[in-house]
Amino acid sequence: MENNHKHFKTPSPCNCLNIRRASRAVTHFYDKILQPSGLTISQLSLLKHLKQVEPITISELANIMRIDRTTLNRNMKSLVDHGLITITPGQDPRTRQVMMTSKGTATVNNASQLWDKAQASVKDYLGETDLAILVKLLSKLEALVP
């Protein structure tokens with residue numbers, strides 16, 4: 001992506017809708033670049049978080065990722081089905097523990113190269129200054145809900 005190829009869209013008067021539209025566009029962009037890995041950006045994010053903190057309970061992982069358990073469970077299902085993660089009973093019988101498999105680690109390592117490409121493309125598209133402002137504003141918006 002180059003800065004001279006921006007295609008501006010007409011904004012909505014609703015700030016929430018504008019943010020959601022941008023989020024969908026960015027998600028689609030990352031998913032398209034990640035497609036050869038077989039992962040979506042949501043799945044890669046989950047695996048990258050897991051790689052840093054495993055083994056971990058589902059509740060703890062949901063808290064770290066700042067998503068609800070239902071969303072996390074839904075996102076984990078295909079990762080379990082493809083042999084990228086395992087879920088086992090935790091030390092407390094009421095908990096379940098998540099760990100990445102060796103296949104999951106290899107998949108993350110391969111997909112991370114594609115993620116780096118997507119990251120660089122977004123940085124090139126927005127420019128370093130605008131990207132830094134965007135990251136700061138997104139963090140500020142996220143703080144609306146403690």
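Two strands pair if DSSP finds at least two bridges between them. Helices (H or I, at least four residues) and strands (E, at least two) are DSSP runs, numbered from the N terminus.

This is a predicted model, in which local features need pLDDT of at least 70, side-chain atom pairs count only at pLDDT 80 or more, and totals for chains, interfaces and linings use all residues. Residues are numbered from 1 along each chain as its sequence is written, and side-chain values use heavy atoms, leaving out hydrogens and water.

**Overall layout**

The protein contains six helices and three strands, which follow one another along the sequence as α-α-β-α-α-β-β-α-α. Its C-alpha trace spans about 55 × 35 × 20 Å along the principal axes. Of the 146 residues in the protein, 25% are buried (under 20% relative accessible area with a 1.4 Å probe, protein chains only; over 50% is exposed, and partly exposed lies in between). Where two residues at least 6 apart in sequence are in contact, the pair is at least 24 apart in 51% of cases (contact means heavy atoms within 4.5 Å).

An unreviewed UniProt entry lists residues 12–143 as "domain: HTH marR-type"; such annotations may be inferred rather than shown by experiment, and the positions follow the numbering used here, with feature names shortened. Over residues 12–143 the chain is 71% helix and 9% strand. The C-alpha atoms at the two ends of this stretch are 23 Å apart.

**The sheet**

The three strands make an open sheet, ordered E1-E3-E2, with antiparallel pairing. Strand E1 (56–57) and strand E2 (85–89) are the edge strands; each has a single partner strand, so one side of each has no neighbour in the sheet.

E1 is joined to strand E3 (residues 96–100) by two bridges, and the two strands run antiparallel. Threonine 57 has glutamine 97 in E3 as its bridge partner. On the E2 side, five bridges pair E2 with E3, again in the antiparallel sense. Here isoleucine 87 is opposite valine 98 in E3, while threonine 88 is opposite glutamine 97 in E3. Glutamine 97 therefore appears on both sides of E3: it partners threonine 57 and stands opposite threonine 88.

A hairpin of six residues connects E2 to E3. Helix H4 (residues 69–81) lies across E2 and E3 and runs at about 115 degrees to E2 (axes are lines fitted to C-alpha atoms, for helices over the stretch in contact, with angles from 0 to 180 degrees between N-to-C directions).

**Glutamine 43**

Glutamine 43 is part of helix H2 (residues 41–53). Its relative accessibility is 13%, which is why glutamine 43 counts as buried. Setting aside neighbours within four places in sequence, glutamine 43 contacts Gly38, Ser78 and Leu79. The side chain of glutamine 43 has a polar contact with the side chain of serine 78, and a polar atom of the glutamine 43 side chain also lies 2.9 Å from the backbone nitrogen of threonine 40.

**Tyrosine 30**

Tyrosine 30 belongs to helix H1 (residues 15–34). Because its relative accessibility is 8%, tyrosine 30 counts as buried. Not counting residues up to four places away in sequence, tyrosine 30 touches Ile41, Trp115, Ala118, Gln119 and Val122. Its side chain makes a polar contact with the side chain of glutamine 119. From tyrosine 30 to valine 53 there are 23 residues in sequence and 24 Å in space, C-alpha to C-alpha.

The structure holds one aromatic pair. Phenylalanine 29 and tyrosine 30 form this pair, edge-to-face, with 6.1 Å centre to centre and 80 degrees between the planes (rings of Phe, Tyr and Trp, the last by its six-membered ring, pair if their centres lie within 6.5 Å; planes under 30 degrees apart are stacked, over 60 edge-to-face and the rest tilted). Both phenylalanine 29 and tyrosine 30 are buried.

**Polar contacts compared**

A polar contact is a pair of N or O atoms within 3.5 Å; within protein, one must be able to donate a hydrogen and the other to accept it, and residues adjacent in sequence count only if both atoms are side-chain atoms.

| Pair | Distance |
|---|---|
| Glutamine 43 side chain, threonine 40 backbone nitrogen | 2.9 Å |
| Glutamine 43 side chain, serine 78 side chain | 2.7 Å |
| Tyrosine 30 side chain, glutamine 119 side chain | 2.3 Å |
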